[in-house]
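Here is a short tour of a two-chain structure, written for someone who likes numbers with their pictures. Have a look at the coordinates first, then read on.

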Amino acid sequence: MTDTLLPDTPVGVGAAKTGSGPVAAAVARAAEPPRRRRRRLKEIHVHLLLLAALVVIAVFPTLVATHDPFELDGIPFTSPNGTHFFGTDEIGRDLYSRVVHGLQISLFSATLAVVVALVLGSVVGILSGLRPGSWLDRVLGVGTEAVMAVPAVLLALAVITTYGRGAFVAAIAIGLGEATGFARLVRGVVIQSSTFTFVEAARTCGAGPIRTITRHIVPNVFHPVLSYTALQFGLALLAIGSLSYLGFGEAPPSPEWGVLIAGGQKYLAHAWWVAIIPGLALTAVVVLLNRIAYLLQEDH
Amino acid sequence: MTDAILRVTDLTVTYRRDDQVDTALDAVSIEVPRGKVTAIIGESGSGKSTLAHAIVRLLPHNGGIPAGAIDFEGENVLERSDKAFRPLRGRHVGFVPQDPIASLNPTRTIGAQLRESFKLAHSPLSPAAVQERILTDLRDVGFTDPETLLTRYPHELSGGMRQRILVAIAFSQRPALVIADEPTSALDVLVGQDVLRSIHEARTKHDSTVVLITHDLALASRNADHVIVLQRGVVAEAGPVAEVFADPQHEYTRALLASSARVAEGRVLSIAEAYARHDRGTAPALSTDVAIRLDGVHKRFGSGRGGTVAMEGVSLEVPRGSTFALVGESGSGKTTTSRVILGLESADAGTVQVLGQDVGSLKRKQLRDLRRRVQVVYQSPFESLNPRLSLRGIIGEPLDAFKVGTPTERAARVAELLELVQLPAAYAERRPRELSGGQRQRVAIARALAIQPEVVVLDEPVSALDATVQAQVLDLLGEIQRELGLTYFLVTHDLAVVADVAQTVAVMRRGRIVEQGTTDQVILRAEDTYTKALLAV
């Protein structure tokens with residue numbers, strides 16, 4: 001699955017390669033970005049602003065939460081109204097405040113998962129991409145494939161049964177699984193960027209390997225990886241929710257969204273909001289992240 | 001008025017780019033006389049390919065024709081719908097594309113693709129007659145064994161063979177007009193000549209009119225009867241080749257002709273003639289001090305039967321302070337030779353000495369030290385500059401890498417280098433995409449000179465540039481050499497460039513050096529048959 005995510009267009013130089021002809025026109029274009037590009041940038045900004053707002057809420061949930069997420073301060077199964085925006089759950093806790101606090105757990109564990117995946121994957125990817133075909137590349141390649149061969153959920157379950165349940169362990173487990181995709185992507189773009197003449201030019205200019213990587217390869221790898229990160233962030237969010245839903249992540253009474261959905265589904269028939277609203281929240285955040293990933297890729 | 005098969009009147013073509021509209025052709029009017037070869041010449045961005053594509057209606061989706069008329073055989077074909085136009089293509093107008101590699105379907109045999117052109121044109125011929133005609137056509141474009149050729153796939157053929165097949169396809173329906181868009185620019189010189197010869201033969205046999213799009217003045221002068229000079233989407237000048245080239249009326253035509261040493265007084269000079277005319281003053285005696293010495297160098301890529309030999313016993317000497325040119329076609333091993341000198345590839349056998357050091361035996365650190373003294377300028381300035389860095393970052397790279405001086409001194413050095421390559425100091429903050437090809441190559445030269453090397457390897461330094469820009473960049477390189485006393489190792493496919501700048505020359509073919517000596521010897525008194533063939537172009 002991850003292979004199809006590899007960018008099939010050359011990174012970086014593509015745009016720069018086109019003709020030398022009407023220079024004046026080209027300069028004018030570069031100086032004033034066309035309207036469509038401005039629109040796209042604007043859309044990215046709006047989406048990033050939304051994400052930033054979510055992060056603020058995740059860090060300071062009490063800013064927007066109206067109730068204590070654990071306190072029984074309402075009549076069970078009150079439908080959404082003025083005091084309880086999302087209604088109450090089966091024992092009378094305010095669902096809105098629980099969803100807000102749940103965002104913290106979800107967002108933080110997904111961040112952790114993605115950071116683990118990004119760091120591990122980039123290190124493996126760069127190491128194997130710098131000398132494709134070397135013994136190191138082959139060893140890392142076999143390792144990556146071995147991890148990929150195990151279904152992600154199974155891998156996560158194995159880690160969790162070994163190290164105990166909870167959002168933290170679940171996040172690390174998910175991150176390990178996602179690292180393989182990053183490793184493949186980074187390896188691909190590193191190999192591709194190494195073939196750019198300017199990378200060789202840097203070497204003949206006397207630039208050492210560290211300098212070549214940081215100045216010439218990483219900036220060109222950055223864009224596809226950034227976009228892929230946003231995509232994986234959404235997937236991590238989903239995966240963590242799924243693990244909790246299955247009972248391997250957070251446990252009740254935690255307001256983690258997977259837990260909320262699992263708890264609420266018994267009452268779907270007469271109190272739809274208890275399961276549906278956390279589900280919608282999860283969907284909305286994942287869609288937001290996917291959209292950001294798409295826009296970043298487009299921008300590139 | 002002459003009998004014109006094609007008459008374009010006030011044609012304007014625009015390209016939509018996002019919300020912007022660029023005008024590629026601005027009210028262009030041309031006439032193509034029947035039965036003749038008309039060359040459309042111009043530099044990149046002049047709109048010559050746009051004109052060709054507009055005529056055969058192959059403009060990209062963002063191209064539009066807001067005004068003008070294209071009269072083919074007296075009918076304005078712009079009034080035809082796409083569907084009504086399609087029967088014209090192939091049957092009445094043939095097209096030879098620029099890139100023979102991309103223009104044939106790799107999954108189908110040559111025979112199938114030739115037969116397809118008959119099928120698409122709804123040819124009334126019987127299959128047997130089609131087969132017969134394909135075989136004759138292939139013989140006409142120079143294939144001696146067309147029967148076996150039909151069963152082969154494009155990848156089994158060389159670029160020149162593929163281009164001749166595309167010529168055969170273009171002429172297969174006996175069109176009245178054939179448009180060839182830079183048919184030889186992707187090919188080696190000698191191979192390109194075969195292709196042009198095949199076009200001429202097909203043209204005379206089938207009595208067609210040919211429009212030849214090219215940037216090469218010598219080629220236009222030798223192959224065309226009429227010439228149309230385009231400059232930035234406007235016709236600068238048009239008329240019979242002999243007249244236009246002998247007595248150019250437009251300033252731009254004069255500039256183009258001046259940039260090509262090969263065309264003078266309305267005719268093409270041989271390389272030797274151009275060389276003899278070239279005023280080189282009194283050449284200083286070659287130094288006996290040797291900067292680069294290769295002795296019996298072998299290099300092979302891959303192993304076993306699939307491997308290729310890139311260098312076979314290459315020996316050469318480059319005197320210090322001079323320009324040495326290594327000439328050869330693609331695949332001759334000339335680029336490998338330059339990479340071996342730079343230490344980017346290691347030789348399998350033989351010794352490589354650069355500035356007195358044996359490159360093969362150097363440790364990584366010693367090689368890096370040697371690179372302070374040996375720098376390189378690559379062929380394509382579009383690929384050799386990191387698009388994300390400013391010119392300050394690019395030119396300052398070697399200074400930063402070798403930690404030369406303080407940051408202020410480095411900035412001053414960058415400014416100095418920009419001045420040396422005749423770019424405004426304000427360009428330091430620009431990025432490569434804001435520059436033209438010639439300017440980018442100046443940046444690449446500035447970067448190579450930043451740490452004051454003694455030897456500069458020039459790998460086809462001007463072949464990606466327009467003719468007028470080529471001349472400027474070569475002049476600049478010459479000035480810098482005289483000023484700094486550099487040694488140049490020039491790799492090129494173009495003997496005309498060599499005649500301009502080099503003191504010693506080696507001609508390489510299939511990994512071997514076939515001729516070597518001073519430029520006088522090689523250009524004026526060549527002995528090897530291959531060198532002679534190259535010189536005869």
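How far apart do the C-alpha centres of domain 1 of chain B and domain 3 of chain B lie? They are 40 Å apart. Keep in mind that this is a predicted model.

## Chain B as a whole

Chain B carries 21 helices and 22 strands. Its radius of gyration is 25 Å, close to the 24 Å that the globule rule gives for 537 residues, so chain B is as compact as a globular protein of that length. Put a box around its C-alpha atoms along the principal axes and you get roughly 75 × 55 × 45 Å.

The domain assignment splits chain B into three pieces: domain 1 (4-269), domain 2 (278-373 + 455-537) and domain 3 (382-452). Domain 2 is thus written as two segments, 278-373 and 455-537.

## Packing, surface and charge in chain B

Of the 537 residues in chain B, 53% count as buried. If you look at contacts with a separation of 6 or more, 68% of them join residues 24 or more positions apart.

The accessible surface of chain B is about 23500 Å², and carbon and sulfur atoms own 48% of that. On the charge side, chain B has 62 positive and 66 negative charges, and the mean positions of the two sets sit 6 Å apart.

## Chain A, helices all the way

Chain A has 11 helices and zero strands. Read from the N terminus, its elements go α-α-α-α-α-α-α-α-α-α-α. Here 45% of the 300 residues count as buried, and residues 24 or more positions apart make up 71% of the contacts with a separation of 6 or more. The accessible surface of chain A comes to about 14400 Å², with 69% of it on carbon and sulfur atoms.

Chain A also holds a backbone detail to check in your viewer: the peptide bond from P252(A) to P253(A) is cis, with omega near 10°. P253(A) itself is in the loop between helix 9 (209-246) and helix 10 (257-264) of chain A.

## Two positive phi angles in chain B

Which phi does L355(B) have, positive or negative? The phi of L355(B) is positive, at about 50°, although the residue is not a glycine. L355(B) is placed in the loop between strand 16 (349-354) and strand 17 (357-358) of chain B. Its relative accessibility is 9%, and the cut-off for buried is under 20%, so L355(B) counts as buried.

R510(B) has a positive phi too, about 45°, and is not a glycine either. It belongs to the loop between strand 21 (504-509) and strand 22 (512-518) of chain B. Is R510(B) buried or exposed? With a relative accessible area of 61%, R510(B) is exposed, exposed being over 50%.

## Around P453(B)

P453(B) is in the loop between helix 17 (437-449) and strand 19 (455-459) of chain B. It is buried, with a relative accessible area of 6%.

What does P453(B) touch, leaving out residues up to four places away in sequence? The list is R372(B), R373(B), V374(B), Q375(B), A448(B) and L486(B). Of these, L486(B) is 33 residues away from P453(B) in sequence, with 7.7 Å between their C-alpha atoms.

## Two more spots on chain B

G478(B) is part of helix 18 (residues 467-484) of chain B. It has a relative accessible area of 17%, and it is buried because the cut-off is under 20%. The C-alpha atoms of G478(B) and T184(B) are separated by 29 Å, and the two residues are 294 residues apart along the chain.

D494(B) sits in the loop between strand 20 (487-492) and helix 19 (495-501) of chain B. At 24% relative accessibility, D494(B) counts as partly exposed, the class between under 20% and over 50%. D494(B) and L6(B) are 488 residues apart in sequence, and their C-alpha atoms are 35 Å apart in space.

How values were computed
Residues numbered from 1 in each chain as written. Chains lettered and ligands numbered in written order. Predicted model: local features only at pLDDT ≥ 70, side-chain atom pairs only at ≥ 80, totals over all residues. Heavy atoms only, no water. Helix = DSSP H or I, 4+ residues; strand = E, 2+ residues; numbered from the N terminus. Rg over C-alpha atoms; globule rule 2.2 N^0.38 Å. Buried < 20%, exposed > 50% of the residue type's maximum accessible area, 1.4 Å probe, protein only. Contact = heavy atoms within 4.5 Å. Areas by Shrake-Rupley, 256 points an atom, 1.4 Å probe, with all protein chains shown as cover. Lys, Arg positive; Asp, Glu negative; His and termini not counted. Charge placed at Lys NZ, Arg CZ, Asp CG, Glu CD. Domains from an automatic or database assignment.
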